[in-house]
Amino acid sequence: MNRYEEKELQQEMEQVEEYLSDYLRDPGYGGAVGNILHDMEMSKGKRLRPRLLLMASRFGKEQDPAGRERLCRLGALVELVHMASLIHDDIVDDAPLRRGFPTTQSKYGKDRAVYAGDLILSRIVQSLFRDGFFRVGALFGEAVESMCLGELGQMECRGREDVTVEQYMRNIYGKTAALCRLACQAGAVESGCSDSVQAQLEQLGINFGYMFQIRDDLLDFVSDTEEEGKLTQMDFREGILTLPVLYAMQDSQAKGRIIGLLRDAKEGVFGADQARNLKMIVTASGGLARAAADMEMYAERALQAIETLPDHGVSAVFRELLQAKCKVSAAV
């Protein structure tokens, strides 16, 4: 089979963008609604989730043009779930910026932001029914439920000094892995993959999600700029203990020092000096290195999920994507 060329994937991603524009159309109510939807359309993300969906779908039987067009529409719906979740996350976090631009809640107010996120979710539900995506509709619902539970779990852990790695993993499954799982599942189901292939692609999505979130947690320490679109070490400042910190706290001496910094953060006195100190402690105790090793482990598991599948030209693209995302480990 021919390799799934980047050019072909890019053409399908352009279709995804067209569908996103349609879903984010101005309903004609006037006021801020149209401006909010326009801002969302212009705020270009990485679009990783629709990419995962389209790539996973290449292992299926349905590859005719009409089927590929439906998959592009489905990819846009998965991205809309992500967009709506970011709007709601920024409200909870009172975040002023997202990807270097003012967030919906900071620009238009929290009330409008809440309803904007809900409006997007309503259009997702409409399309799932109207366009006949009945086989994957329940999967969307399960993913959104997991996302909510992950965020609620993280809120329960915020500021606590006794958070475990197991609690962290459960929370990031909901926050990140569940939607990557949905992308791969939806692509597999809609393209007619067998049950066994669906199960393997589901594991690919889960492990990709774990890898991606741990990568994000590492970048929070190793990035000295805002190139990722957000301030660094914000999680710790907000009382959220990520994997590098949790691993560092397994060292008894490091734990006491980190707890002291966490209490500083609670009191609002966590500045540049404390941030440098935290990075030094987490690095010296091996927290960064252990988290990087876990990231690479989940990347390898993601690849293993498709090793036994017939190569429809997409395995190499998955491999390149995973390798690119793991480059952060070189900075640890």
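The exercises below concern a predicted model.

**Exercise 1. The nonpolar patch**

Find which helix gives the most to the nonpolar patch, and with how many residues.

Solution.
- Step 1. Helix 7, which spans residues 134-157, gives the most to the nonpolar patch, and it does so with three residues.
- Step 2. The members of this surface patch are V92, L149, L152 and M155, and together they make about 400 Å².
- Step 3. One of them, L152, has its place in helix 7.

**Exercise 2. Confidence along the chain**

State the mean pLDDT of the chain, then find over which residues pLDDT stays under 50.

Solution.
- Step 1. The chain has a mean pLDDT of 91, and 94% of its residues reach 70 or more.
- Step 2. Over residues 225-229, pLDDT stays under 50.
- Step 3. For that stretch the model has 10 contacts beyond four places in sequence.

**Exercise 3. Cysteines**

Count the disulfides, and explain the result for C148.

Solution.
- Step 1. A disulfide calls for two cysteine sulfur atoms within 2.5 Å.
- Step 2. With that cut-off, the count is zero disulfides.
- Step 3. C148 cannot bond because the closest cysteine sulfur, in C180, is 16 Å from its own, which is too far.
- Step 4. C326 is in no disulfide either; its nearest cysteine sulfur, that of C180, is 13 Å away.
- Step 5. C148 is partly exposed at 44% relative accessibility, whereas C326 is buried with a relative accessible area of 12%.

**Exercise 4. Salt bridges between separate parts**

How many salt bridges does a search of the whole structure find? For the pairs E17 and K44, D131 and R73, and R263 and E161, say where each partner lies.

Solution.
- Step 1. The search finds 21 salt bridges.
- Step 2. In the pair of E17 and K44, the side chains meet with 3.1 Å from N to O. E17 belongs to helix 1 (residues 6-23) and K44 to the loop between helix 2 (33-42) and helix 3 (48-57), so the bridge ties together parts that are 27 residues apart in sequence. K44 is partly exposed, at 47% relative accessibility.
- Step 3. Between D131 and R73, the closest N and O atoms are 3.5 Å apart. D131 sits in the loop between helix 6 (110-130) and helix 7, while R73 is part of helix 4 (residues 65-93); the pair therefore ties together parts 58 residues apart in sequence. Both D131 and R73 are buried.
- Step 4. For R263 and E161, the distance between the closest N and O atoms is 2.9 Å. This pair links distant parts of the chain, 102 residues apart: R263 is in helix 12 (residues 252-266), and E161 is in the loop between helix 7 and helix 8 (165-190). R263 counts as partly exposed at 44% relative accessibility, and E161 counts as partly exposed at 24%.
- Step 5. Elsewhere, E8, E12, R58 and R68 are joined into one network by salt bridges that share partners.

**Exercise 5. Two residues in helices**

Are Y19 and Q185 buried or exposed? List their contacts, leaving aside neighbours within four places in sequence.

Solution.
- Step 1. The cut-off for buried is under 20% relative accessible area.
- Step 2. Y19, in helix 1, has a relative accessible area of 11%, so this residue is buried.
- Step 3. Y19 is in contact with E69, C72, R73 and A76, its neighbours within four places in sequence being left aside.
- Step 4. The C-alpha atoms of Y19 and L74 are separated by 9.1 Å, although the two residues are 55 residues apart along the chain.
- Step 5. Q185, in helix 8, is also buried, with a relative accessible area of 14%.
- Step 6. With neighbours within four places in sequence left aside, Q185 is in contact with L139 and E202.

**Exercise 6. Positive phi**

Where are R47 and D94 found, and what is the phi of R47 and of D94?

Solution.
- Step 1. Most residues other than glycine have a negative phi.
- Step 2. R47 has a positive phi, near 55°. R47 lies in the loop between helix 2 and helix 3 and is buried, with a relative accessible area of 5%.
- Step 3. D94 has a positive phi near 55°. The location of D94 is the loop between helix 4 and strand 1 (97-98).

Technical notes. Residues numbered from 1 in each chain as written. Predicted model: local features only at pLDDT ≥ 70, side-chain atom pairs only at ≥ 80, totals over all residues. Heavy atoms only, no water. Buried < 20%, exposed > 50% of the residue type's maximum accessible area, 1.4 Å probe, protein only. Patch = residues over 30% accessible without salt bridge, like charges linked within 9 Å, V, L, I, M, F, W, Y side chains within 5 Å. Areas by Shrake-Rupley, 256 points an atom, 1.4 Å probe, with all protein chains shown as cover. Salt bridge = Lys/Arg side-chain N within 4 Å of Asp/Glu carboxyl O. Helix = DSSP H or I, 4+ residues; strand = E, 2+ residues; numbered from the N terminus. pLDDT = per-residue confidence, 0-100. Contact = heavy atoms within 4.5 Å.
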